[in-house]
Amino acid sequence: MALMLVKFDLKKRVKLAQSVWFMYWFAVLAGVLVFSMGLFFKIELRKRSELMDNNESHFLPNLLIFMGLIACGINAFGGKVCYDSLDPTKFAKWKPMLKAFLMFCVVFNALLFVTALLCFLMRIPFQFTLAEGLRNGMKYYKDTDTPGRCYMKRTLDLMQMEFRCCGNDNYRDWFEIQWVSNRYLDFSAKEVRDRIGSNVDGQYLMDGVPFSCCNPSSPRPCIQLQMTNNTAHYSYDHYTEELNVWKRGCRDALLSYYGGMMNTIGALVLLVIMLEIAVTIGMQYVNSSLSTLANPEDPESESEGWILEKTVKETFTDIMDKMKAMGKGGKVEEGAEAGVATVS
């Protein structure tokens, strides 16, 4: 027995074809939306590509762009088929390929669902990508004259001001690296020599952060240097005083920004999947209702439409039987070839 059997007359078939045609063009716009979201996500990643540890972070936006293009193509084709289904002579040329088209739509919906899942799951590896990328970027903050890293200082400063963050995990990450270029250090000064000499790596490390870490909303002037030295500033205790630099780490800030973006995209892709499933079911009804006309020469004759020609259990059993038959056929061919080789 067919699954969700529905009887159709000419009026119902026309109304069905028109409704599915209308839905298909909505699905084309949904494909454009998926493509646009992927493109927007890729552009946002490109803005801070220097802070990404690898190019794997672009896999998801590239996948969204690819899926969006495919969605536009298959939905435009489906809309054309629905439009031609109103004319039996035009529909006849599409009929032989509809079964393969519907199977492709099912596979596409499954891939679209995987894409939506990746939008939610990619947050975990993206976190490690950001952590390593920010750590490396901070090391090159001072290298404004090095080819390929000239803009790292500008990128980090803009990021810290835009996202109101400081360092990788927090502002203390800047204490662990030499972020002031040697060209701005006076090596004749005793303080500079002592600070370099006191470090095993011979670096100029200090308890300070770049000015881009400063919170402009703070009522007092920004204390960005000698942050742990209470005697260097009047009425200041770095243990109890409310610091006037951003306390939030940039990894957390960027992860929140990109993670929120991926969650939103994932939710929208799930809505697109619901629309794609609806148009796929509608196309199946159009195909089956036109294939079961009581009198193919009379367009006004009644017909039946369904989602599956058999029940889910029977359909699954048929698929498994076909797969087993294909497997046995392959074994028979291999045995025959082996027999021929033995005889020769």
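This section describes helix packing and internal space in a predicted model.

Helix α4 comprises residues 95-121 and helix α8 comprises residues 250-291. The axes of these two helices approach to within 9 Å and cross at roughly 165°. With angles over 145° counted as roughly antiparallel, α4 and α8 are therefore assigned a roughly antiparallel arrangement. The crossing between α4 and α8 is left-handed. Classified by residue type, the contact of α4 with α8 contains 19 nonpolar residues, together with seven polar and two charged ones.

Helix α4 also packs against α2, at an angle of about 150° and with the axes 11 Å apart. By the cut-off for antiparallel pairs, over 145°, α2 and α4 are therefore likewise roughly antiparallel to each other. The crossing of α2 and α4 is left-handed. On the α2 side, the contact is formed by Phe59, Leu60, Leu63, Leu64, Met67, Ile70, Ala71, Ile74, Phe77, Gly78 and Val81. These residues meet Met97, Leu98, Phe101, Phe104, Phe108, Leu111, Leu112, Thr115, Leu118 and Cys119 of α4. The contact of α2 with α4 comprises 19 nonpolar and two polar residues, and no charged residue takes part.

A further contact of α8 involves helix α5, which spans residues 123-139. The axes of α5 and α8 come within 10 Å and cross at roughly 145°, and the crossing is right-handed. Helix α5 contributes Arg123, Phe126, Gln127, Leu130, Ala131 and Leu134 to the contact. From α8, the participating residues are Cys250, Arg251, Leu254, Leu255, Ser256, Tyr258, Gly259, Gly260, Met262 and Asn263. By class, the contact of α5 with α8 consists of nine nonpolar, five polar and two charged residues.

Enclosed space was examined next. One cavity of 30 Å³ or more is found, and the largest cavity holds about 40 Å³ of space. The lining of this cavity consists of Phe41, Leu45, Ser57, Leu60, Pro61, Met122, Phe126 and Met262. At least two lining residues are supplied by each of α1 (10-47) and α2 (59-84). Seven residues of the lining are nonpolar and one is polar, with no charged residue present. Several of the lining residues also belong to the helix contacts described above: Leu60 lies in the contact of α2 with α4, whereas Phe126 and Met262 lie in that of α5 with α8.

Among the open pockets, the second largest contains about 370 Å³ of space. This pocket is lined by 17 residues, of which Ser85, Pro88, Phe91, Leu290 and Leu293 are the closest to its centre. Helices α1, α3 (88-91) and α8 each give two or more residues to the lining. The lining of the second largest pocket divides into twelve nonpolar, three polar and two charged residues. Charged residues are thus present in the lining of the second largest pocket but absent from that of the largest cavity.

How values were computed:
Residues numbered from 1 in each chain as written. Predicted model: local features only at pLDDT ≥ 70, side-chain atom pairs only at ≥ 80, totals over all residues. Heavy atoms only, no water. Axes fitted to C-alpha atoms, helices over the stretch in contact; angles between N-to-C directions. Helix = DSSP H or I, 4+ residues; strand = E, 2+ residues; numbered from the N terminus. Parallel < 35°, antiparallel > 145°, perpendicular 65-115°, else oblique. Left-handed = near helix turned anticlockwise from the far one by under 90°. Nonpolar A, V, L, I, M, F, W, Y, C, P; charged D, E, K, R; others polar. Contact = heavy atoms within 4.5 Å. 1 Å grid on protein atoms, 1.4 Å probe; cavity = no way out; pocket = protein on both sides within 12 Å on 5 of 7 lines; lining within 4 Å. Points joined across faces, edges and corners; volume = space filled by probe spheres on them.
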